[in-house]
Amino acid sequence: MGSDSKDLLEIEPLELRFPFETKKQISCSMQLTNRTDDYIGFKVKTTSPKKYCVRPNSGIVPPRSTSDVIVTMQAQKEAPPDMQCKDKFLVQSVVVAEGTLVKDITGDMFTKESGNVVDEVKLKVVYVPPPKPPSPVREGSEEGSSPRASLSDGSNLNYQEAVKTHKDQEDYTSETSALISKLTEERNSAIQQNKKLREELDLLRREVSKQNGGFSFVVVVAIALLGMLLGYIMKR
């Protein structure tokens with residue numbers, strides 16, 4: 001990872017991946033992890049300092065902790081050929097004394113002349129396609145969808161016809177129910193009348209039998225009329 005086997009800081013990721021878009025600032029982050037028991041000072045350099053903003057570009061990572069660094073690429077007017085980027089970053093780190101302040105971290109601390117053991121990690125820059133936004137076609141198709149458009153055209157007539165048909169069916173059902181109810185009442189009434197006439201006919205027959213076979217012409221006529229009426233009701 002670094003030129004020194006000690007690896008003072010672990011850098012993640014080793015590639016700075018920018019979802020490239022023209023005329024737009026783009027940021028990505030890196031994590032500097034100190035797994036040692038020392039305080040580690042660091043400095044971030046780039047081959048294109050005017051193109052990138054690094055915050056913080058120097059600092060101190062306490063023992064057994066992680067610091068985040070945000071790298072922001074300034075808005076670019078046009079994309080590079082084949083989306084290839086030759087920019088590089090370099091993260092330098094050295095052991096510093098406890099109590100060292102961030103303002104005390106200078107470029108001189110990372111030179112060979114300082115006598116410090118300097119760990120260096122190189123990072124590449126990679127441009128990747130930006131994430132795809134929600135499809136405007138889908139939203140447009142929902143807003144101007146054919147069902148909604150058709151409601152304002154021919155389908156609106158179909159809808160009205162369907163409502164009218166449904167209403168007619170409801171009216172027809174109501175009329176049919178009323179007719180069935182009326183016929184049921186008439187049938188029940190006829191059954192009751194039939195039962196009553198049968199009882200009266202039986203009563204007349206008993207009265208006739210009591211007279212030992214000698215019954216009047218009026219009784220005969222009454223029985224005949226009752227019989228005809230009964231037959232008429234049965235036909236209904």
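A residue is called buried here when its relative accessible area is under 20%, exposed when that area is over 50%, and partly exposed in between, using a 1.4 Å probe and protein chains only. By that yardstick Tyr-52 is buried, and so is Phe-89. The model is a predicted one, so local features need pLDDT of at least 70 and side-chain atom pairs count only at pLDDT 80 or more, while totals for chains, interfaces and linings use all residues. Residues are numbered from 1 along each chain as its sequence is written, and side-chain values use heavy atoms, leaving out hydrogens and water.

First, the overall layout. The protein chain has 4 helices and 9 strands, where helices (H or I, at least four residues) and strands (E, at least two) are DSSP runs numbered from the N terminus. Read from the N terminus, the elements go β-β-β-β-β-β-β-β-β-α-α-α-α. Of the 236 residues in the protein chain, 25% count as buried. Contacts (heavy atoms within 4.5 Å) often reach far along the protein chain: among those between residues at least 6 apart in sequence, 72% join residues at least 24 apart.

Next comes the sheet. Strands are taken to pair if DSSP finds at least two bridges between them. On that basis 4 strands make up an open sheet in the order 1-3-7-5, with antiparallel pairing. Strand 1 (10-12) and strand 5 sit at the edges, each pairing on one side only. Strand 5 and strand 7 run antiparallel and are joined by 4 bridges; Tyr-52 stands opposite Met-73 in strand 7.

Strand 7 also holds Thr-72, which is buried, with a relative accessible area of 14%. The side chains of Thr-72 and Ser-27 share a polar contact of 2.8 Å; such a contact is a pair of N or O atoms within 3.5 Å, where, within protein, one must be able to donate a hydrogen and the other to accept it, and residues adjacent in sequence count only if both atoms are side-chain atoms. Leaving aside residues up to four places away in sequence, Thr-72 touches Gln-25, Ile-26, Ser-27, Lys-51, Tyr-52 and Cys-53.

Now for the nonpolar core, meaning a set of buried Ala, Val, Leu, Ile, Met, Phe, Trp, Tyr and Cys residues joined through side-chain atoms within 4.5 Å. The largest one has 26 residues, and Phe-18, Met-30, Leu-32, Tyr-52, Val-71 and Phe-89 touch the most other members. Strands that each supply at least two residues of this core include strand 2 (15-19), strand 5 (52-55), strand 7 (65-73) and strand 8 (88-96). Apart from it lies another core, of 7 residues, among them Ile-60, Val-94, Met-109 and Phe-110.

Finally, the aromatic rings. Rings of Phe, Tyr and Trp (its six-membered ring) pair if their centres lie within 6.5 Å; planes under 30 degrees apart count as stacked, over 60 as edge-to-face and the rest as tilted. The whole structure contains 3 aromatic pairs. Phe-18 and Tyr-52 have ring centres 5.8 Å apart and planes at 45 degrees, so this pair is tilted. It links distant parts of the chain, with Phe-18 in strand 2 and Tyr-52 in strand 5, 34 residues apart. Tyr-52 and Phe-89 form an edge-to-face pair, 5.0 Å centre to centre with 75 degrees between the planes. Because Tyr-52 lies in strand 5 and Phe-89 in strand 8, this pair ties together parts 37 residues apart in sequence. Phe-18, Tyr-52 and Phe-89 form one aromatic cluster.
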